[in-house]
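Here's a quick walk through this one, taken a piece at a time. Have a look at the sequence and the coordinates before reading on.

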Amino acid sequence: MRSLHRVAEEGGERRHFYKGTMGTRKEEMESERESIKAASEEISRQFGTLVDAEETESIKQLQHLIMGRLQDSNAVLSHFNEYSERCYAEVSGDFTRNVRLLKSMKSDLDHIFTKLRSMKAKLIATYPDAFPDGSTTNMIDQRPDLETPLP
């Protein structure tokens, strides 16, 4: 084993000076890559002997079958997305218009009910016997609030 004597930097390349020899870091990395490559090839060759070729071929066929099914499913979903996009484009204008109409109707109805409540309050103040006892307290607005989301 070589022992490191000193390290010098020349032109962006680091050189290691060992007793008796001079090597570059680049050469060391190249030899390390070659040894890793040789080891990985040997491991893959040994793994290749562990698995039967027929089993490998059947796995490949199953993978191709699954890939074909996934591609078919992907095509069907793509067509469905295109169809849905076209349908949404046709309906979105109507939907927007109807939402505006419903909001307008809600504000109109709120205004009407406010007027009715004030008229009823005036009637009760003017004619206290016009409504039976207790009927006014039970007539509190029991309409559902349409702006809160449903549970």
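## Where to be careful

Over residues 1-12 the pLDDT stays under 50, and for that stretch the model has 24 contacts beyond four places in sequence. Keep in mind that this is a predicted model. Where pLDDT is low, the predicted coordinates should not be read in detail.

Across the protein chain the picture is mixed: the average pLDDT is 82, and 77% of the residues score at least 70. Strand β1 (residues 4-10) has the lowest confidence, with a mean of 47, while α2 has the highest, at 94.

## Overall layout

The protein chain has 2 helices and 3 strands. Going along the sequence, they come in the order β-β-β-α-α. Helix α1 covers residues 25-50, and helix α2 runs over residues 53-126.

How much of the protein chain is buried? Of its 151 residues, buried ones make up 4%. The accessible surface adds up to about 14,000 Å², and carbon and sulfur atoms own 59% of that. As for contacts in the protein chain with a separation of 6 or more, 14% of them link residues 24 or more positions apart.

## Salt bridges in helix α1

The salt bridge count comes to 5. Two of them can be found in helix α1, starting with R33 and E30, whose side chains meet at 3.6 Å, N to O. R33 and E30 sit 3 residues apart in that helix, about one turn. E30 has a relative accessibility of 38%, so it counts as partly exposed.

The other pair is R45 and E42, where the N to O distance is 2.5 Å. These two are separated by about one helical turn because they are 3 residues apart in helix α1. R45 is partly exposed at a relative accessible area of 48%, and E42 is partly exposed too, at 32%.

## Around R97 and T96 in helix α2

Which residue does R97 form a salt bridge with? The partner is D94, with the closest N and O atoms 2.4 Å apart. Both residues lie in helix α2, 3 residues apart, which is about one turn of the helix. With a relative accessibility of 47%, R97 counts as partly exposed. D94 lands in that class as well, with a relative accessible area of 37%.

T96 is in helix α2 too. Its side chain reaches back to the backbone oxygen of S92, at 2.8 Å. For T96 the relative accessible area is 39%, so this residue is partly exposed.

## A nonpolar patch on the surface

Which residues form the nonpolar patch on the surface? They are L109, I112, F113, L116 and M119, and together they have about 450 Å² of accessible area.

Take L116 as one of the members: this residue is found in helix α2. Why does L116 count as partly exposed? Its relative accessibility is 45%, and the partly exposed class is what lies between the buried cut-off of under 20% and the exposed cut-off of over 50%. Patch membership asks for over 30% relative accessible area, so L116 at 45% clears that bar.

Methods:
Residues are numbered from 1 along each chain as its sequence is written. This is a predicted model: local features need pLDDT of at least 70, side-chain atom pairs count only at pLDDT 80 or more; totals for chains, interfaces and linings use all residues. Side-chain values use heavy atoms; hydrogens and water are left out. Patches are made of residues with over 30% relative accessible area and no salt bridge: like charges are joined within 9 Å, nonpolar side chains (Val, Leu, Ile, Met, Phe, Trp, Tyr) within 5 Å. Accessible areas come from the Shrake-Rupley method with a 1.4 Å probe; for residues, only the protein chains shown count as cover. A salt bridge is a side-chain nitrogen of Lys or Arg within 4 Å of a carboxyl oxygen of Asp or Glu. Helices (H or I, at least four residues) and strands (E, at least two) are DSSP runs, numbered from the N terminus. Buried means under 20% relative accessible area, exposed over 50%, partly exposed in between (1.4 Å probe, protein chains only). pLDDT is the predictor's confidence in each residue, from 0 to 100. Contact means heavy atoms within 4.5 Å. A polar contact is a pair of N or O atoms within 3.5 Å; within protein, one must be able to donate a hydrogen and the other to accept it, and residues adjacent in sequence count only if both atoms are side-chain atoms.
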